[in-house]
Amino acid sequence: MESIQYTGTNYQEVKEFAQGKILAPYFCMGFNMLSLVTKDGFVTVNEGDYIIKGEDGEFHVK
């Protein structure tokens, strides 16, 4: 299992980790957020959240 934390300023690093399954960051109500494509659809990634790549290769947010 691998993971990376989204800090709000490391978009390029997160994009590479998530193998391009990340949409461009957006700013909403004072926070930077991303959208991650998962097998269940789009999931919001907030500053401070971790993106986890499971052993099955799927991505999850925690």
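Which residue of β4 does V37 stand opposite? In this predicted model, V37 stands opposite F42 in β4, and the pair offers a convenient way into the arrangement of strands described below.

The strands β2, β3 and β4 form an open sheet of 3 strands, taken in the order β2-β3-β4, and the pairing within this sheet is antiparallel. Because β2, which covers residues 22-28, and β4 each have a single partner strand, they stand at the edges, and one side of each is left without a neighbour in the sheet. From one strand to the next, the twist averages 30°. In general, the strands of a sheet pair through backbone hydrogen bonds, in either a parallel or an antiparallel sense.

The pairing of β2 with β3 can be followed residue by residue. Strand β3 comprises residues 31-38, and 5 bridges join this strand to β2, the two running antiparallel. Within this pairing, I22 stands opposite L36 in β3, while Y26 stands opposite M33 in β3. The two strands form a hairpin with 2 residues between them, and M29, in the turn, has a positive phi of about 55°. M29, placed in the loop between β2 and β3, adopts this positive phi although it is not a glycine. With a relative accessibility of 77%, M29 counts as exposed, because the cut-off for that class is over 50%. A positive phi of about 55° is also found at Q19, which likewise is not a glycine; Q19 lies in the loop between α1, made of residues 11-17, and β2.

On the other side of the sheet order, β3 and β4 pair in the antiparallel sense over 6 bridges, and a hairpin joins β3 to β4 through 2 residues. F42 belongs to β4, the strand that spans residues 41-46. Is F42 buried or exposed? The relative accessible area of F42 is 60%, so this residue is exposed, the class being set at over 50%. Leaving aside neighbours within four places in sequence, F42 is in contact with L23, S35, L36 and V37. The C-alpha atoms of F42 and I22 are 9.2 Å apart in space, although the two residues are 20 residues apart in sequence. Two of the contacts of F42, L23 and V37, also take part with F42 in a nonpolar surface patch of about 280 Å².

S35 provides a contrast with F42 in accessibility. This residue is placed in strand β3 and has a relative accessible area of 12%, so it is buried, the limit for that class being under 20%. When neighbours within four places in sequence are left aside, the residues in contact with S35 are K21, I22, L23, Y26, F42 and V43. As a general point, the side chains of a regular strand alternate between the two faces of the sheet.

A further open sheet of 3 strands is formed in the order β1-β5-β6, and here too the pairing is antiparallel. The strands β1, at residues 2-5, and β6 stand at the edges of this sheet, each with a single partner strand, so one side of each is left without a neighbour in the sheet. The twist in this sheet averages 20° from one strand to the next. Strands β1 and β5 run antiparallel and are joined by 4 bridges, and E2 stands opposite K53 in β5.

The connection that follows β5 contains E58, which is placed in the loop between β5, at residues 50-53, and β6, at residues 59-61. E58 has a relative accessible area of 24%, and it is therefore partly exposed, since this value falls between the limits of 20% and 50%. Apart from neighbours within four places in sequence, E58 is in contact with K39, I52 and K53. K53, one of these contacts, is also the residue of β5 that E2 stands opposite. Finally, E58 and A18 are 40 residues apart along the chain, and their C-alpha atoms are separated by 9.5 Å.

Conventions. Residues numbered from 1 in each chain as written. Predicted model: local features only at pLDDT ≥ 70, side-chain atom pairs only at ≥ 80, totals over all residues. Heavy atoms only, no water. Patch = residues over 30% accessible without salt bridge, like charges linked within 9 Å, V, L, I, M, F, W, Y side chains within 5 Å. Areas by Shrake-Rupley, 256 points an atom, 1.4 Å probe, with all protein chains shown as cover. Salt bridge = Lys/Arg side-chain N within 4 Å of Asp/Glu carboxyl O. Buried < 20%, exposed > 50% of the residue type's maximum accessible area, 1.4 Å probe, protein only. Pairing = 2+ DSSP bridges. Axes fitted to C-alpha atoms, helices over the stretch in contact; angles between N-to-C directions. Contact = heavy atoms within 4.5 Å.
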